[in-house]
Amino acid sequence: MAGNIVTVTVEGMRLQLPYFKNAEKYPDEVLAADLELAQCYMSPLSCGPLKGACSARAVYLMAGHLQVLTDRINGGNMGTGLQTGASVDKVSITLTPPPSKDQYDYWLNLTPFGADLLFLLNSFAPLGFYFGGSNENVFR
């Protein structure tokens, strides 16, 4: 950790998330790009409720979430939600999204890594994060 910025590495991601240990399937360059992109969503700063290892874990989980979504898209699986109906002739599939209180929760619950991240975030801030002195500045 340099200052209050947590260092995340490909090796650290492989240790934290053994799903990505296969370097042939997930080369270092791919995971490094995932980690960089994940920091657009999760700050690597060790401050607020997420500090040190918890902050790093959040970045690793977001990177894993993004990679699994990429794998699904690359595999032709564009559907998200629970399948409630299907047809064969003229191909028809009906999907029902799982119940979520907002789109962010829904998006994170699309992968096990996202669900783990959501639980981590909610365990540290079940009532939300407050910025400034007004109730209008609430992030959840």
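**Exercise 1.** In this predicted model, decide whether Phe113 is buried or exposed.

*Solution.* Take the relative accessibility of Phe113, which is 13%. The cut-off for buried is under 20%. Phe113 therefore counts as buried.

**Exercise 2.** Classify the ring pair formed by Tyr19 and Phe113, and place both residues in the chain.

*Solution.* Start with the distance: the ring centres are 5.6 Å apart. Pairing needs centres within 6.5 Å. Next, the angle: the planes stand at 65 degrees. Over 60 counts as edge-to-face, so the Tyr19–Phe113 pair is edge-to-face. Now the positions. Tyr19 sits in the loop between helix H1 (10-16) and helix H2 (28-41). Phe113 belongs to helix H5 (residues 112-124). The two are 94 residues apart, and the pair links distant parts of the chain. Last, the surface: Tyr19 has a relative accessible area of 47%, so it is partly exposed.

**Exercise 3.** Work out the geometry of the pair Phe20 and Tyr26, then say which cluster the rings join.

*Solution.* The centres of these two rings lie 4.9 Å apart. Their planes meet at 75 degrees, so this pair is edge-to-face. Check burial next. Phe20 has a relative accessible area of 0% and is buried. Tyr26, at 2%, also counts as buried. Finally, the cluster: ring pairs join Tyr19, Phe20, Tyr26 and Phe113. The structure as a whole holds 7 aromatic pairs.

**Exercise 4.** Find which residues Gln67 touches, leaving aside its neighbours within four places in sequence.

*Solution.* Locate Gln67 first: it lies in helix H3 (residues 53-74). Its relative accessibility is 5%, so Gln67 counts as buried. Its contacts are Phe20, Tyr26, Val30 and Asp34. Two of these names, Phe20 and Tyr26, come from the ring cluster.

**Exercise 5.** How many salt bridges are there, and which helices does each one link?

*Solution.* The count is 2 salt bridges. Take Arg14 and Asp28: their closest N and O atoms are 2.7 Å apart. Arg14 lies in helix H1 and Asp28 in helix H2, so the bridge ties together parts 14 residues apart in sequence. Arg14 is buried at 15%, whereas Asp28 is partly exposed at 38%.

Now take Asp116 and Arg57, with closest N and O atoms 2.8 Å apart. Asp116 is in helix H5 and Arg57 in helix H3, 59 residues apart, and the pair links distant parts of the chain. Asp116 is partly exposed at 31%. Arg57 is partly exposed at 24%.

Note on methods: Residues are numbered from 1 along each chain as its sequence is written. This is a predicted model: local features need pLDDT of at least 70, side-chain atom pairs count only at pLDDT 80 or more; totals for chains, interfaces and linings use all residues. Side-chain values use heavy atoms; hydrogens and water are left out. Rings of Phe, Tyr and Trp (its six-membered ring) pair if their centres lie within 6.5 Å; planes under 30 degrees apart count as stacked, over 60 as edge-to-face and the rest as tilted. Helices (H or I, at least four residues) and strands (E, at least two) are DSSP runs, numbered from the N terminus. Buried means under 20% relative accessible area, exposed over 50%, partly exposed in between (1.4 Å probe, protein chains only). Contact means heavy atoms within 4.5 Å. A salt bridge is a side-chain nitrogen of Lys or Arg within 4 Å of a carboxyl oxygen of Asp or Glu.
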